[in-house]
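User: Could you walk me through this structure at a first-year level? I would like to go piece by piece.

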Amino acid sequence: MSDTTVRTAYAAIHELYIDLFGSPDDLHPDDADLVLRRLADVPGPILDLGCGPGHFTQLLHAAGVTVTGVDLVPEFIAHARSHYPDVAFRVGSLRAIDVPTASVGGILAWFSLIHFTPAELPAVLAEFARVLRPGGRLVLGFFDSAEQVEMFPHKVTAAYRWPVDELAEVLRAAGFTELERRQRPAEGDIRPVAALACSRAHR
């Protein structure tokens, strides 16, 4: 799916999204625990790619991490800058990350890959691998699927859910080694979700 389509869809509902997810207090404690355990002790800068209104970026900053939030949606970045003025934020695309090769210690991509088609995902992960240092960490959050990769009608715009094993294999092919996985079943109207923590292979 094009960056323009995703940017336009989120810009249209940015106020509602910020109301629902704009604060670190809105994070599920298991998610915050995973992100901090896998990224807070990583040497070198961290990128929060697809940072939205900056809630995870602020969580990492408060833990003493040097972190920059990046998002397609200018409205999200404007909110993040106004609410977390001590943290770096910028507008940018995950398809072409504006940092030098092997310059980043870790990447958080929390539900920010869900709008890429399965055919697009390997190129995006290759870009992640490019900017990460050997041994650098990657933490992904995504929608879980029991049987197959499938598109579904996400409330903002069409998205994809992945079986954990299948996404782990795509990550392996992109040069990542799995460190940890988590799965959480559906809760009320919240779909099943999962997370993978990986390291970039030494080459």
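User: Thanks! Let's begin with a small detail: which residue in S2 is the bridge partner of Leu-47?

Analyst: Before anything else, please keep in mind that this is a predicted model. In strand S2, the bridge partner of Leu-47 is Thr-68.

User: And how many bridges join S1 to S2, and do those strands run parallel or antiparallel?

Analyst: Strand S1, residues 46-49, is joined to strand S2, residues 67-71, by four bridges, and these two strands run parallel. As background, strands of a sheet pair through backbone hydrogen bonds, in either a parallel or an antiparallel way.

User: Stay with Thr-68 for a second. Buried or exposed?

Analyst: Thr-68, which lies in strand S2, has a relative accessibility of 18%, and because the cut-off for buried is under 20%, Thr-68 counts as buried. If we leave aside its neighbours within four places in sequence, Thr-68 is in contact with Ile-46, Leu-47, Asp-48, Thr-57, Ala-88 and Arg-90.

User: OK, zooming out. What is the strand order in the whole sheet?

Analyst: The sheet is an open one, formed by seven strands in the order S3-S2-S1-S4-S5-S9-S8, and its pairing is mixed. At the edges are strand S3 (88-91) and strand S8 (176-184), each of which pairs on one side only. On average, neighbouring strands of this sheet are turned by 15 degrees against each other, if direction is ignored.

User: Which strands does H3 touch?

Analyst: Helix H3, residues 29-39, packs on the sheet and touches S1, strand S4 (104-110), strand S5 (132-143), S8 and strand S9 (193-200), while its direction makes about 165 degrees with that of S8. Another helix, H7 (residues 164-173), lies across S5, S8 and S9 and runs at about 160 degrees to S8.

User: Now helix against helix. At what angle do H3 and H4 cross?

Analyst: The axes of H3 and helix H4 (residues 55-62) cross at roughly 50 degrees and come within 11 Å, which means that H3 is oblique to H4. The crossing in which H3 passes H4 is right-handed.

User: Which residues meet there?

Analyst: From H3 there are Asp-31, Ala-32, Val-35, Leu-36 and Leu-39, and they meet Phe-56, Leu-59 and Leu-60 of H4. Sorted by class, the contact of H3 with H4 has seven nonpolar residues, no polar ones and one charged residue. A general point may help when you look at such a list: an α-helix has 3.6 residues a turn, so residues three or four places apart point the same way.

User: Which residues of H4 are buried?

Analyst: The buried residues of H4 are His-55, Phe-56, Thr-57, Leu-59 and Leu-60. Just after H4 comes Gly-64, which takes a positive phi of about 90 degrees.

User: Which residues have a positive phi although they are not glycine?

Analyst: Ala-102 is one of them, with a positive phi of about 55 degrees, and Phe-111 also has a positive phi, of about 60 degrees, without being a glycine. For background, most residues other than glycine have a negative phi. Ala-102 lies in the loop between S3 and S4 and is partly exposed, at a relative accessible area of 34%. Phe-111, in contrast, is found in the loop between S4 and helix H6 (121-131) and counts as buried at 19% relative accessibility.

User: Switching topic: what does Gly-105 touch?

Analyst: Gly-105 lies in strand S4 and counts as buried, at 3% relative accessibility. Apart from neighbours within four places in sequence, its contacts include Val-42, Pro-43, Gly-44, Leu-132 and Arg-137. Gly-105 is twelve residues from Ser-93 in sequence, and their C-alpha atoms are 19 Å apart in space.

User: And how far apart in space are Ala-194 and Arg-184?

Analyst: Ala-194 and Arg-184 are ten residues apart in sequence and 6.1 Å apart from C-alpha to C-alpha. Ala-194 is found in strand S9 and is buried, with a relative accessible area of 4%. Not counting residues up to four places away in sequence, Ala-194 touches several residues, among them Leu-140, Phe-142, Val-164 and Arg-182.

User: Last one: is Ala-146 buried or exposed?

Analyst: Ala-146 is exposed, with a relative accessible area of 81%, and its place is the loop between S5 and strand S6 (150-152). The C-alpha atoms of Ala-146 and Asp-19 are separated by 30 Å, and these residues are 127 residues apart along the chain.

Note on methods. Residues are numbered from 1 along each chain as its sequence is written. This is a predicted model: local features need pLDDT of at least 70, side-chain atom pairs count only at pLDDT 80 or more; totals for chains, interfaces and linings use all residues. Side-chain values use heavy atoms; hydrogens and water are left out. Two strands pair if DSSP finds at least two bridges between them. Axes are lines fitted to C-alpha atoms, for helices over the stretch in contact, and angles run from 0 to 180 degrees between N-to-C directions. Contact means heavy atoms within 4.5 Å. Angles under 35 degrees count as roughly parallel, over 145 as roughly antiparallel, 65 to 115 as roughly perpendicular and the rest as oblique. A crossing is left-handed if the near helix is turned anticlockwise from the far one by less than a right angle, and right-handed if clockwise. Ala, Val, Leu, Ile, Met, Phe, Trp, Tyr, Cys and Pro count as nonpolar, Asp, Glu, Lys and Arg as charged, and the others, Gly among them, as polar. Buried means under 20% relative accessible area, exposed over 50%, partly exposed in between (1.4 Å probe, protein chains only).
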